[in-house]
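Q: Got a minute to go through a structure with me? I'll start with a quick one once it's up.
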2 protein chains.
Amino acid sequence: MCAKPKDPQVCEAWQLLVRFSFAQRSSLPALAAELELSPAQCHLLNLLEPGRPVPMGQLAGALSCDASNVTGLVDRLESRGLIQRSPSEQDRRVKVLSLTPLGVRLRSALLERMTAPPASLQRLSADEQRSLVKLLRRLIE
Amino acid sequence: MCAKPKDPQVCEAWQLLVRFSFAQRSSLPALAAELELSPAQCHLLNLLEPGRPVPMGQLAGALSCDASNVTGLVDRLESRGLIQRSPSEQDRRVKVLSLTPLGVRLRSALLERMTAPPASLQRLSADEQRSLVKLLRRLIE
DNA sequence: CCTAATGCTTGATGATGTCAACTATTGAGG
DNA sequence: CCTCAATAGTTGACATCATCAAGCATTAGG
C-alpha cells in the first residue's frame with residue numbers, strides 16, 4: 001500500500017491520520033451548521049484568536065487560499081457582526097481583522113463543541129492518552 | 001480551555017487531532033489539484049475501492065451529504081471516465097458506482113500522494129510510531 | 001390494486017474557491 | 001522629487017460544492 005520502500009509503520013500511522021481527517025470532513029459541516037457557520041468560516045474563526053488581530057493577507061496564507069476568497073468570507077462574517085475590518089496604521093493598504101465581542105462568544109461556543117471529545121477517546125487509559133498527546137505534539141510541531 | 005470538568009488530557013488530545021485535521025484541510029486542495037481533483041472528489045474516490053461497487057445512496061450516507069450532491073459529483077467523475085454508473089439487478093431504482101481502469105489508476109496515484117508521510121512523522125522512533133498506530137486504530141474503531 | 005416509501009435526478013439558490021483585472025499604497029532607484 | 005515595480009485588498013466572471021423542494025420511476029405493504 002505504501003509506494004516507496006519506506007517503513008510500512010510510518011505509512012500506516014499516516015494513513016490512519018488521513019482517515020481521521022476525512023472522518024472530520026464529514027462531521028464538521030453538521031456541527032458547524034448548529035451555529036449557522038460553514039466549515040470554512042469555522043476554520044477562519046479558529047485561526048482568529050481574541051485580542052490578536054490578523055491582516056487579511058496573512059489569513060489567506062494560513063488558509064492556503066486566494067486573497068479574494070478571504071474577502072468574501074470576511075464580508076459574510078462581518079455582516080453578521082462577528083468580526084471587524086480595521087485599517088492598519090503602519091500600512092494603509094492593510095486591513096486587520098479582529099473578533100467583535102459577539103464573535104468572541106461564538107468562537108468559544110464553536111471551540112467548545114469541536115473539542116468535545118468523542119466516546120472513543122475516553123476508552124483510552126490515562127497513560128495512553130498521555131502518550132497520544134506527546135506523539136501528536138511532536139507531529140504538529 | 002475544556003468546558004466540562006472532564007479530564008484535561010482527553011481534551012488536549014482531541015484538540016490536537018482537530019488541529020491536525022484543520023491542517024489537512026489546508027493542504028489537501030493543493031495536493032488534489034495536481035491530479036485535477038477537488039477535495040470532495042478525493043473523498044469520494046477514497047471511499048470507492050476497486051472491485052467493490054457501491055450504490056449512490058450509500059455513498060451519500062458515507063459522505064454525510066445530500067443525494068443530489070452525489071449526482072453532480074458522479075456526473076463530473078463519470079464524464080472524465082474515472083467511474084461508471086451501472087443499474088443494479090436487484091433493484092432497478094439503484095445505480096451502483098464502480099471505478100473504471102482509469103479510475104483505479106488515478107485513485108492509487110491519489111492514495112500514494114496522500115499517504116506520503118511528512119517529515120515530522122519520520123522524527124518519531126520506531127517504538128513511538130508503533131504506539132501511535134495502536135492508539136489511532138482504537139480511536140477510529 | 002392503491003398507496004406510501006425509496007433511489008435518483010433536476011432546478012433554484014447560496015457558499016466556496018480560482019483567476020484576471022483593477023485601485024490604492026508602499027518602497028526602491030535614478 | 002518622480003517613476004515604476006511590488007504589495008494588499010477588492011471586484012467580476014466562472015466552476016464546484018452543498019442544500020432544499022419537486023419530480024419520476026420503482027418497489028413494497030395493505
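Q: Which element gives the largest share of the surface near DNA strand C?
A: That's α4(A), with five residues. Keep in mind that this is a predicted model.

Q: OK, and how many residues surround DNA strand C in total?
A: There are 24 of them, and the closest are A:S38, A:A40, A:C65, B:G57 and B:S68.

Q: Which elements give two or more residues there?
A: From chain A you get α2 (39–47) and α4 (67–79). Chain B brings in α3 (56–63) and α4 (67–79).

Q: What's the mix by class on that surface?
A: An even split: eight nonpolar, eight polar and eight charged residues.

Q: Switching topic. What rotation superposes chain A on chain B?
A: A rotation of 180° with 0.0 Å of shift along the axis, and the RMSD is 0.1 Å. That's the relation of a two-fold axis.

Q: Which C-alpha of chain A is nearest the axis?
A: The one of A:S21, which sits 2.4 Å from the axis.

Q: And why say the copies meet through the same surface?
A: Because 98% of the interface residues of chain A are also interface residues in chain B.

Q: Last thing, A:E89. Where is it found?
A: In chain A, A:E89 is in the loop between β2 (83–87) and β3 (95–99).

Q: Is A:E89 buried or exposed?
A: Exposed, because A:E89 has 8 other C-beta atoms within 10 Å, and the cut-off for exposed is 12 or fewer.

Q: What separates the C-alpha atoms of A:E89 and A:L31?
A: They're 37 Å apart in space, with the two positions 58 residues apart along the chain numbering.

Technical notes
Residues are numbered from 1 along each chain as its sequence is written. Chains are lettered from A and ligands numbered from 1 in the order in which they are written. This is a predicted model: local features need pLDDT of at least 70, side-chain atom pairs count only at pLDDT 80 or more; totals for chains, interfaces and linings use all residues. Copies are superposed by least squares on the C-alpha atoms of residues with pLDDT of at least 70 in both. Two residues are in contact if their C-beta atoms, placed from the backbone, lie within 7 Å. Helices (H or I, at least four residues) and strands (E, at least two) are DSSP runs, numbered from the N terminus. A residue is buried if 20 or more other C-beta atoms lie within 10 Å of its own, exposed if 12 or fewer, and partly exposed in between; C-beta atoms are placed from the backbone. A residue is near a molecule or strand if its C-beta atom, placed from the backbone, lies within 6 Å of it. Ala, Val, Leu, Ile, Met, Phe, Trp, Tyr, Cys and Pro count as nonpolar, Asp, Glu, Lys and Arg as charged, and the others, Gly among them, as polar.
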